[in-house]
Amino acid sequence: MLLYIHGFNSSPLSEKGIVTARFIAEHYPQLRFLQPQLPSSPKEAMALLSGLVESALSDGEELTFIGSSLGGYFASYLTEKYGGRAALINPAVTPFELFDEFIGPQHNPYTDEHYQVIPEHKCDVAEFNTQVIFNPDRFFVLLQSGDEVLDYRQAVQKYHCCKLLVEAGGDHSFIGYEKQLHSICQFLFLDK
């Protein structure tokens, strides 16, 4: 199973989500590919993701993840807890430190959902923090130094023992992401 985990205020309908779905359908049609729309509540989002992972494990499936931004943060937690391999695209390292600026009304442009970020969400997100990566061989981390949302150097520091690709320039969306999908899948599936 490959579980694609989108970021904050995003969706499987984002450009990365659509490009990933098309690539997997074309190159790995036999693979079970899941791309859920996450609830806006962090606890509900993790409950959904954990349920999908536990179901896959009970079916004997190997776990692979692609996580973008906050989705990369969630993918780190899931990979460390359940195993598998993960590709993280400009992952959030300590997103709970940024939550204060988002407290209040929010709008997801992909789903047209209007919702509230509340102070409790900050603590909820912090529960899923992986302060130390104990299994660095499970991670491929792709970063662009021009990320205008997150400081890529935090990810370099956290994931320094992992496979890293750091590109100069770019932005938070990871410009040229589609060109990395072959190497991402080679890492995730170990050239199967």
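## The sheet

Two strands pair when DSSP finds at least two bridges between them. With that in mind, welcome to this predicted model, where six strands form an open sheet in the order S2-S1-S3-S4-S7-S8, with parallel pairing. Strand S2 (33-34) and strand S8 (163-167) are the edge strands, each pairing on one side only.

Let us walk through some of the pairings. S1 and S3 run parallel and are joined by four bridges; here Leu3 has Phe65 in S3 as its bridge partner. Next come S3 and S4, also parallel, with five bridges between them. Two of the residue pairs can be named: Thr64 has Arg85 in S4 as its bridge partner, and Gly67 has Leu88 in S4. Strand S7 (residues 139-144) runs parallel to S8, and five bridges join the two. Phe140 stands opposite Lys163 in S8.

## Helices against the sheet

Helix H1 packs on the sheet, where it touches strand S1 (2-5), S2, strand S3 (64-68) and strand S4 (85-89). The direction of H1 makes about 165° with that of S1.

Helix H6 (residues 181-189) is another one to look at: it lies across S1, S3, S4, S7 and S8. Relative to S4, helix H6 runs at about 155°.

## Two covered strands

Strand S3 is mostly covered, with five of its five residues buried. Thr64, Ile66 and Ser68 point one way from S3, while Phe65 and Gly67 point the other way, and all are buried.

What about S4? Strand S4 is likewise mostly covered, as five of its five residues are buried. Both of its faces are covered: Arg85, Ala87 and Ile89 lie on one side, Ala86 and Leu88 on the other, and all are buried.

## Tyr159, a buried loop residue

Tyr159 is worth a stop on the tour. Its place is in the loop between helix H5 (152-158) and S8. Is Tyr159 buried or exposed? Tyr159 counts as buried because its relative accessible area is 0%, and the cut-off for buried is under 20%.

Leaving out residues up to four places away in sequence, Tyr159 touches Ser76, Leu88, Pro91, Ile133, Val141 and Leu164. Among these contacts, Leu88 belongs to the S4 face that also holds Ala86. Ile133 is 26 residues from Tyr159 in sequence, and their C-alpha atoms are 7.1 Å apart in space.

## The largest pocket

The largest pocket holds about 540 Å³ of space. Its lining is made up of 28 residues, and those nearest its centre are Phe8, Lys16, Ser68, Ser69 and His172. Of these, Ser68 is one of the buried residues of S3.

Which helix gives the most to this lining? Helix H1 (residues 15-27) does, with three residues. By class, the lining of the largest pocket contains 15 nonpolar, ten polar and three charged residues.

## His172 beside the pocket centre

His172, one of the residues nearest the centre of the largest pocket, lies in the loop between S8 and H6. His172 counts as buried because its relative accessibility is 15%, and buried means under 20%.

Which residues does His172 contact, setting aside its neighbours within four places in sequence? They are Lys16, Ser69, Asn90, Asp147, Glu148, Val149 and Leu150. Lys16 and Ser69 also appear among the residues nearest the centre of the largest pocket. Glu113 is 59 residues from His172 along the chain, and their C-alpha atoms are separated by 22 Å.

## The cavity

How many cavities of 30 Å³ or more does the structure hold? There is one, and the volume of the largest cavity is about 190 Å³. It is lined by 19 residues, and the closest to its centre are Phe8, Asn9, Pro39, Ser40 and Leu70. Phe8 is thus a name to recall from the pocket, as it is also among the residues nearest the centre there.

Helix H2 (42-58), helix H3 (70-82) and strand S6 (113-117) each supply at least two residues of the cavity lining. The largest share comes from H3, which gives three residues. By class, the lining of the largest cavity divides into nine nonpolar, nine polar and one charged.

Key. Residues numbered from 1 in each chain as written. Predicted model: local features only at pLDDT ≥ 70, side-chain atom pairs only at ≥ 80, totals over all residues. Heavy atoms only, no water. 1 Å grid on protein atoms, 1.4 Å probe; cavity = no way out; pocket = protein on both sides within 12 Å on 5 of 7 lines; lining within 4 Å. Points joined across faces, edges and corners; volume = space filled by probe spheres on them. Nonpolar A, V, L, I, M, F, W, Y, C, P; charged D, E, K, R; others polar. Contact = heavy atoms within 4.5 Å. Axes fitted to C-alpha atoms, helices over the stretch in contact; angles between N-to-C directions. Buried < 20%, exposed > 50% of the residue type's maximum accessible area, 1.4 Å probe, protein only.
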